[in-house]
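Dear colleague,

I am passing on a structure that you have not worked with before, and I would be glad if you looked through it alongside the notes in this message.

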Amino acid sequence: MQRIETTLPGVCELRPKILGDARGFFMETYHAGNFAELGIRENFVQDNHSRSAKGILRGLHYQLHHPQAKLCRVIEGEALDIAVDIRLGSPHFGKWTSVVLSAEKHNQIYIPGGFAHGFLALTDPVQLLYKCNAFYNLEDEHGISWNDSALNISWGIENPLLSAKDAKYSKLSEVPLEFLPRYPAK
């Protein structure tokens, strides 16, 4: 597994070693020991699977009291995956990074807890799998607006299909400070 850093410290792209022959391919998508050697030492407790049509945007989501680190990959199609640093006190607060995940490249993105996460389906369909290191908690679910002009995320789409919940999220600057995660003190 190869770790490629993104513009946000802690968020990285992972590219697996793929063994292929006439039968198809084999790859290891997660190995706790190998990931620990790459600096990812999460205890993943939940796996999720979503299917989306082209133009569907999911996000930007986060949990405050039970932050979720995520390991995401696409098994069908392509998705633009976005991570936003929303940790108060972070030198990268309000910055975002992206990785295009594709079934063809078999790449993954690792997003630490304390970041908002979302993705846009670039093809029809997209199946995205992701591991989380904390269980989903409905009462702890929060989000920020996908099209916050201050974040200026380059989604490449003007009118994505959103859930009613995602369409109602506020801009980052409008989220009360007590509803944002904190950057760890040194």
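The notes below take up the cysteines, then a buried acidic residue, and then a group of aromatic rings.

Please keep in mind while reading that this is a predicted model.

To begin with the cysteines, the structure holds zero disulfides. Cys-12 takes part in none, and the cysteine sulfur nearest to that of Cys-12 belongs to Cys-72, at a distance of 11 Å. Cys-72 in turn has its closest cysteine sulfur in Cys-132, 7.4 Å away, which is too far for a bond, because a disulfide requires the two sulfur atoms to be within 2.5 Å. As for their surroundings, Cys-12 counts as buried, with a relative accessibility of 0%, and Cys-72 is likewise buried, its relative accessible area being 0%.

Cys-72 also appears among the neighbours of the next residue, Asp-81, which is part of strand E8, a strand that covers residues 78-85. Asp-81 is buried and yet has no salt bridge, since the nearest side chain of opposite charge, that of Lys-70, is 8.3 Å away, whereas a salt bridge needs the charged atoms to be within 4 Å. What the side chain of Asp-81 does have is a polar contact of 2.8 Å with the side chain of His-117. Leaving aside residues up to four places away in sequence, Asp-81 touches a number of others, among them Thr-97, Ser-98, Val-99, Ile-109, Ile-111, Phe-119 and Leu-128.

Turning to the aromatic rings, the count comes to three aromatic pairs. One of them joins Tyr-30 and Phe-35, whose ring centres are 4.9 Å apart and whose planes meet at 55°, so that the pair is classed as tilted. Tyr-30 also pairs with Phe-44, with 5.5 Å between the ring centres and 80° between the planes, and this pair is therefore edge-to-face. Because Tyr-30 sits in the loop between strand E4 (24-27) and helix H1 (32-37), while Phe-44 sits in the loop between H1 and strand E5 (46-52), the pair ties together parts that are 14 residues apart in sequence. Through such ring pairs, Tyr-30, Phe-35 and Phe-44 are linked into a cluster. Within this cluster, Tyr-30 is partly exposed, at a relative accessible area of 26%, whereas Phe-35 is buried at 1% relative accessibility and Phe-44 counts as buried at 14%.

With kind regards

Methods. Residues are numbered from 1 along each chain as its sequence is written. This is a predicted model: local features need pLDDT of at least 70, side-chain atom pairs count only at pLDDT 80 or more; totals for chains, interfaces and linings use all residues. Side-chain values use heavy atoms; hydrogens and water are left out. Buried means under 20% relative accessible area, exposed over 50%, partly exposed in between (1.4 Å probe, protein chains only). Helices (H or I, at least four residues) and strands (E, at least two) are DSSP runs, numbered from the N terminus. Lys and Arg count as positive and Asp and Glu as negative; His and the chain ends are not counted. A polar contact is a pair of N or O atoms within 3.5 Å; within protein, one must be able to donate a hydrogen and the other to accept it, and residues adjacent in sequence count only if both atoms are side-chain atoms. Contact means heavy atoms within 4.5 Å. Rings of Phe, Tyr and Trp (its six-membered ring) pair if their centres lie within 6.5 Å; planes under 30 degrees apart count as stacked, over 60 as edge-to-face and the rest as tilted.
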